[in-house]
Amino acid sequence: MNALDLILWGIAPYLALTVFVLGHVWRYRYDKFGWTTRSSQLYESRLLRVGSPLFHFGVLMVLLGHVGGLVVPKSWTEAAGVSEEMYHVVAVVLGTVAGVCTLAGLAILIYRRRTVGPVFIATTRNDKLMYAMLALTLVLGLSATVVANVLGGGYDYRTTISPWFRSVFAFQPEISLMAGAPLLFQLHALSALALFAVWPFTRLVHMLTAPIGYLTRPYVVYRSRDLGGERGTRPARRGWEPAGPPRR
Amino acid sequence: MTRVMAQLAMVMNLDKCIGCHTCSVTCKQTWTNRAGTEYVWFNNVETRPGQGYPRTYQDQEKWQGGWELDRRGRLRLKAGGRLRKLLTIFANPVMPSIQDYYEPWTYDYDRLFSAPVQDSTPVARPRSLISGEPTKITWSANWDDNLAGGPELAPSDPILKRMSEQVTLDFERAFMFYLPRICEHCLNPSCVASCPSGAMYKRSEDGIVLVDQDRCRGWRMCVTGCPYKKVYFNHKTGKAEKCTFCYPRVEVGLPTVCSETCVGRLRYLGVLLYDADRVTEAATVPDEKDLFEAHKNVLLDPNDPDVVAAARRDGIPEDWLEAARRSPIHKLIFDFGVALPLHPEFRTLPMVWYIPPLSPVVDALANTGHDGEEAGNLFGAIDALRIPVEYLAELFTAGDPEPVRAVLRRLAAMRSYMRRINLGRPRKESIATAVGMTGEKIEEMHRLLAIAAYDERYVIPKAHAEQGARLEELATGCSLDYEGGPGMSGPFGEASGRPRPVAVETFHALKERQESGALVDPEERAGRVNLLNWDGKGLPDGLFPNRKKES
């Protein structure tokens, strides 16, 4: 284990996760007004209606796949009678399908962002950085799967990467496990860490407030004027700009 | 009755609307003069027949707003229930695009100054505020104002489409009137029900429907949910915005900006009491034509001792009960029976009601050479003129002409009865009894409708002073809180630290200014004037720079 491995697989994950958690706490306390999807559907609907569901449902499947592959130990699935081959086939097929859907959706969305004038104008530098990092992570993840498991002979990440992932959360990072993983997997993990670190400061925050509560709450919400309740602590500035042509 | 709640409501007398758009303009200056809300009109005035704003919003087969009954007769959102909403959250299938409103624009004014010397006069060309590109103006919030483009545009009016062909053909010659619209602040708001984040809510004290800007995540379901299309998406902030019923003003007893500035004095504001537990039941009535009556049954009589007792039990303050007894809204709906809800068939139980216009009938009658103000002629004409009644019924009573006819007859009776008085003839009680009223009542109604004294048309109880310290503006910030603006202070400079609850300040400042007669201490106010709450009385310090002291 050299110093670089220690930094990449023993220190960087904690930095990224700390920024992820504290960043969200800070953002939620300080900038509730900015916590939104910043939808551009008002400008353009046709491409969005294809690209957005494709991307979002794809990425939800990807998320589920990662939970299944990283969080659930191999011994558990084997105890449940799932052989390595079975797991491998299912994971590769579903993972590739989900990855391709996500990437295709993202490609449509980025194409739309670049070519539809109003949407492009509404795109901030922050958005562009986020798109680049998101795309990079996705491409690396999908190519790692394809190169190792579709074209190659197969790589059982559940004996190396998954235990490392879990060990990070146990605060006993097994650095050597990750240091020995194939390069594409390593790059994917690193780009994901970087994405987590910028996450709280981008529009991606909308994921954490996915409105699951809607399924159970009564339709009509009553609120008392003097209820107080939690409020954002940052005065609204965006949206109070004087009217005028959009800044270029 | 089980749960009494109070609701601030509005009635608009369409006979007096001259379509001047003053309400729209003052509302816009107050609330939506910001980037991202260029196309947002909390208040707009539509010419009927016409497409409305956004175009053809009344066609719910297309826009899927409001509620409907499912096969088992239960109420459900027309655009789909909770699960459906979450499954379509990544791209709302029926959201209006900016083209359904209009593409807001500005002009290249700078051209006028920066153009080089040339033979032709430089022109400020229109430029889209959405794309920033030069644009051609093809539509706006009131493009079909006064039936402009009538033969081409008016036939797309969704109401006209529902009427028979014969009627449609005669229509343009028959009549035209204006329909000012704000948010309906419904008792059964489908926008609130559509909001996945739970950011939209109905205030339990006064029934005003608001968007919590800190909780809104921009899922846009409210835009679809509202059948009146009165929730708008701010495309700069990514948050929903809507008419606020000018709550910072009504909290201190001032009428809304649209009411205050209405030159026709056609708006009425007041409190209604209603039974919150019967709302769903009323909205679920099977026949759409019964919704109007069911809606009225939810509203309670503030003079009924049982209602008063229940209201006290449910914590409604005494001055609100007093205001409910004096409410012009209650009088117009119940005592005079002339106010009707807009599109009850959307099943949202809207709380901005309308007195349908009689003038088209009078005009049509006068054009035929008859005396347009004689009771007998008018009554006959109302029954004969199928066109206006049918059209109005589609707007106000889900197509049932009878309630509209009854209202128009009462308005006609008032016209006739009062004319005799004006001409010095003896009062004719039979005119009043013909429409189920008394002469006395007609004179009372005339006072409210024609004289429309300020303190009779606006009966607004203040928000409670003991709650004052807790009053906070939920939906907006102060417009002076910009970089370097006077409203800002904090440890890290501009906009840092916790926001000041603006309403507390304005509440006390306004009260002081109105009651003490003295101008507010300039030191204290730091030259800040909240024009939103300025009632036009006196000259608040800071409105103009201080005059240099004469030595």
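In which helix of chain A is the place of G99(A)? The legends below take up this residue first and then turn to other views of the predicted model.

**View 1. Surroundings of G99(A) in helix α4 of chain A.** The place of G99(A) is in helix α4 of chain A, an element that covers residues 84-115. Because its relative accessibility is 9%, and buried means under 20%, G99(A) counts as buried. When residues up to four places away in sequence are not counted, G99(A) touches V62(A) and L142(A). S143(A) is 44 residues apart from G99(A) in sequence, while the two C-alpha atoms are 9.4 Å apart in space.

**View 2. Chain A as a whole, the setting of the preceding view.** The secondary structure of chain A comes to nine helices and one strand, and the order of elements from the N terminus on is α-α-α-α-α-α-α-α-α-β. Chain A has 248 residues, of which 45% count as buried. Among the contacts in chain A with a separation of 6 or more, 81% are between residues 24 or more positions apart. The area that chain A exposes is about 12,600 Å², and 72% of that area is supplied by carbon and sulfur atoms.

**View 3. A nonpolar surface patch with residues from chains A and B.** The patch is formed by F57(A), L60(A), L63(A), V67(A), V71(A), I212(A) and L215(A), together with L83(B) and L87(B), and these residues have about 820 Å² of accessible area together. Two elements give two or more residues to the patch, namely α2 (46-71) of chain A and α3 (82-87) of chain B. Helix α2(A) gives the most, with five residues. One of the patch residues, L60(A), lies in helix α2 of chain A and counts as partly exposed because its relative accessibility is 41%.

**View 4. Packing of helices α15 and α16 of chain B.** Two packed helices are described by the angle between their axes and the distance between the axes. For helix α15 (residues 305-313) and helix α16 (residues 318-326) of chain B, the angle is about 150 degrees and the axes are 10 Å apart. The contact is made by V308(B), A311(B) and R312(B) on the side of α15(B), and by E318(B), L321(B) and R325(B) on the side of α16(B). The crossing of α15(B) and α16(B) is right-handed.

**View 5. Two cis peptide bonds in chain B, with P49(B) and P54(B).** Most residues other than glycine have a negative phi, and most peptide bonds are trans. R48(B) and P49(B) are nevertheless joined by a cis peptide bond, with omega about 0 degrees, and P49(B) has its place in the loop between β2 (44-48) and α2 (60-63) of chain B. A cis peptide bond also joins Y53(B) and P54(B), where omega is about -10 degrees; P54(B) lies in the loop between β2 and α2 of chain B.

**View 6. Positive phi values at R220(B) and C246(B).** R220(B), a residue other than glycine, has a positive phi near 75 degrees and is found in the loop between β9 (209-211) and α10 (221-225) of chain B. R220(B) counts as buried because its relative accessibility is 6%. C246(B) is not a glycine either, yet its phi is positive at about 45 degrees; this residue is found in the loop between β11 (239-242) and α11 (247-250) of chain B. With a relative accessible area of 7%, C246(B) is buried.

Note on methods. Residues are numbered from 1 along each chain as its sequence is written. Chains are lettered from A and ligands numbered from 1 in the order in which they are written. This is a predicted model: local features need pLDDT of at least 70, side-chain atom pairs count only at pLDDT 80 or more; totals for chains, interfaces and linings use all residues. Side-chain values use heavy atoms; hydrogens and water are left out. Patches are made of residues with over 30% relative accessible area and no salt bridge: like charges are joined within 9 Å, nonpolar side chains (Val, Leu, Ile, Met, Phe, Trp, Tyr) within 5 Å. Accessible areas come from the Shrake-Rupley method with a 1.4 Å probe; for residues, only the protein chains shown count as cover. A salt bridge is a side-chain nitrogen of Lys or Arg within 4 Å of a carboxyl oxygen of Asp or Glu. Helices (H or I, at least four residues) and strands (E, at least two) are DSSP runs, numbered from the N terminus. Buried means under 20% relative accessible area, exposed over 50%, partly exposed in between (1.4 Å probe, protein chains only). Axes are lines fitted to C-alpha atoms, for helices over the stretch in contact, and angles run from 0 to 180 degrees between N-to-C directions. A crossing is left-handed if the near helix is turned anticlockwise from the far one by less than a right angle, and right-handed if clockwise. Contact means heavy atoms within 4.5 Å.
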